[in-house]
Structures are given as C-alpha cells and as structure tokens.
Amino acid sequence: MDDEKGQMMDAVIAEYVAGGMALPAQVLVESHLELVPENKAWAGELEALAGAELDSMEPVALGDMSSMLDAIMDSPASEPVTSVKNGVESASPSASDDILPKPLRDFIGYTADTIPWRTKIPGVKVFNIEDPEGCSVSLLKIRPGMAMPDHSHEGRELTLVLKGAFSDVSGRYQRGDVSVAEEGEDHKPVADYGEDCICFIVADAPMRFTNRFTRIVNSILPS
C-alpha cells in the first residue's frame, strides 16, 4: 500500500513539474514539498530532466506510473518550469504558528491562529476558499478520533495533512502526506486520537456524502 501511495505522489509531483495544474493544486504541492524536503529534491530532478518539454506530453493516467515516469526520463532537459504564484502577501505567523507552510499562507492570507473556521457538522470545521479556477478548495479541521461521514468524489481530490493524522482504506496519512482520491472513489477518513487533524483539500468538484442523514444535515448547515 505504501508503494502505491508513493507512486501516486510521484505522479502528482510530475504533473506539477509539467505545469498543467490549477493554482490551488500547485499551492498544495508546493506546500507538500516544503514539508517533505526529499520530495522537493525529487521535483528538482524532474525539472532538470524534463523542464518545459513536459508541457507537450500526452496526458497519462495517474495509475500508469511506469508510462509517465518513462516519458519524463526520456524528455530532453530544458529550463525549469516556473511555479505560478497568486501574488497574495503572506500573513506573518506567530512564534508558535508552524502549521501552515509559506505557500499556503501566501495563498489564503491567514495564519493557523486566524483562520475563520465554521462548523460544518459536529466535530468538523471548515474554511472554504474562493478560487477563480473553479476548484473546490478548503481547509478542514477534524476532532481527534472522529470519523468523517462516508463520501465519494465527482472529481479528483488532493488532501495535504497539515497537523495530526487520519486513516482510510488506502492507509495512514500524517503531516506532509498527500492523499489522492480519484473520481468515484468512496472513503471514510478517521482522525487519529490525540490532536485535531487539519488538512488542505483541493478537488475538481465538491465531495458527495453517501449517508442519507449526513446529506440532510449538510444541506441545512452553513457552508
């Protein structure tokens, strides 16, 4: 399972290097790379090997890692792809605020201490982030030990863990890890005990709750 998670993350980083991601997804990957230095080195190697030539590659499914990585390694070296920034000035973190990586603070304009959380369902708080590129973008805070409601996805969902940890059918994810849920995939993340689990989530489309009671509660609570 860990090998599969690693392959999925390699594919996401390769997609980021190719420059085809929406801005919020770029921010998520850049935040991951700040938290996981070894993957930042891997991204640098891909940039040196492939550079801008990746833009002309045919799309490759995330699951087909062998084909994607072969294509990357076969691409001629070029100038590294430059990441796109949104121009928002970073909020200054307090001395104790080390939860949000700088790319994420730049993007949302808040520190962990100042995020305007709103209760979504009991035990779950959310901060929805408006994005002009049409993604569903949010920060999520889950109470220790709580299971998220059963839900599926109408598009791909990337989840970066910023604090704490959660587990689902694909494994356990802790600070710096990225979970990749594909369209149509059902899962039920469960936060570890001990501390809140805080995540940054970027999806092609909003999640869809599969439990009838949760759907009703979700429809009457503020988003």
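**Exercise 1. Confidence along the chain**

Task: Work out the average pLDDT of the protein chain and which helices score lowest and highest.

Solution.
Step 1. The protein chain has an average pLDDT of 76, and 65% of the residues score at least 70. Here pLDDT is the predictor's confidence in each residue, on a scale from 0 to 100. This is a predicted model, in which local features need pLDDT of at least 70 and side-chain atom pairs count only at pLDDT 80 or more, while totals for chains, interfaces and linings use all residues. Residues are numbered from 1 along each chain as its sequence is written, and side-chain values use heavy atoms, with hydrogens and water left out.

Step 2. Now go to the helices. Confidence is lowest in helix 6 (residues 212–220), with a mean of 45, and highest in helix 2 (residues 23–35), with 96. Helices (H or I, at least four residues) and strands (E, at least two) are DSSP runs, numbered from the N terminus.

Step 3. Look at two stretches where pLDDT stays under 50. For residues 75–90 the model has 41 contacts beyond four places in sequence; for residues 213–223 it has 15 of that kind. A contact means heavy atoms within 4.5 Å. Please keep in mind that where pLDDT is low, the predicted coordinates should not be read in detail.

**Exercise 2. The neighbours of strand 5**

Task: Find which strands pair with strand 5 and over how many bridges.

Solution.
Step 1. Start with the strand itself: strand 5 covers residues 157–163, and six of its seven residues are buried. Buried means under 20% relative accessible area, exposed means over 50%, and partly exposed lies in between (1.4 Å probe, protein chains only).

Step 2. Take strand 8 (residues 178–181). Strand 5 runs antiparallel to strand 8, with four bridges between them. One pair to locate on screen is E157 with its bridge partner A181 in strand 8. Two strands count as paired if DSSP finds at least two bridges between them.

Step 3. Take strand 10 (residues 197–203). Six bridges connect strand 5 to strand 10, again in the antiparallel sense. Here K163 has I198 of strand 10 as its bridge partner.

**Exercise 3. A three-stranded open sheet**

Task: Give the strand order of the open sheet of three strands, and explain why strand 7 and strand 9 each have one side without a neighbour.

Solution.
Step 1. The order is 7-6-9, and the pairing is antiparallel.

Step 2. Strand 7 (171–174) and strand 9 (190–191) stand at the edges with a single partner strand each, so one side of each has no neighbour in the sheet.

Step 3. Check one pairing. Strand 6 (residues 165–168) and strand 9 run antiparallel and are joined by two bridges; F166 has A191 of strand 9 as its bridge partner.

**Exercise 4. Salt bridges**

Task: State how many salt bridges the structure holds, then place each pair.

Solution.
Step 1. There are three salt bridges. The criterion is a side-chain nitrogen of Lys or Arg within 4 Å of a carboxyl oxygen of Asp or Glu.

Step 2. E15 pairs with R156, and their closest N and O atoms are 2.9 Å apart. This pair links distant parts of the chain, 141 residues apart: E15 is in helix 1 (residues 2–18), and R156 is in the loop between strand 4 (151–153) and strand 5. E15 is partly exposed at 24% relative accessible area, whereas R156 is buried at 14%.

Step 3. K102 and D106 form a salt bridge at 3.0 Å, N to O. Both are in helix 5, four residues apart, which puts about one helical turn between them. K102 is partly exposed at 42%, while D106 is buried at 13%. In addition, the C-alpha atoms of K102 and E30 are separated by 9.0 Å, with their positions 72 residues apart along the chain.

Step 4. D192 and R172 form a salt bridge at 2.6 Å, N to O. D192 lies in the loop between strand 9 and strand 10 and R172 in strand 7, so the pair ties together parts 20 residues apart in sequence. R172 is partly exposed, at 41%.

**Exercise 5. Two cysteines**

Task: Explain why C197 and C199 do not form a bond.

Solution.
Step 1. The closest cysteine sulfur to that of C197 is in C199, 3.6 Å away, which is too far for a bond. A disulfide needs two cysteine sulfur atoms within 2.5 Å.

Step 2. Over the whole structure, the search finds zero disulfides.

Step 3. For their surroundings, C197 is buried at 0% relative accessible area, and C199 is buried at 2%.
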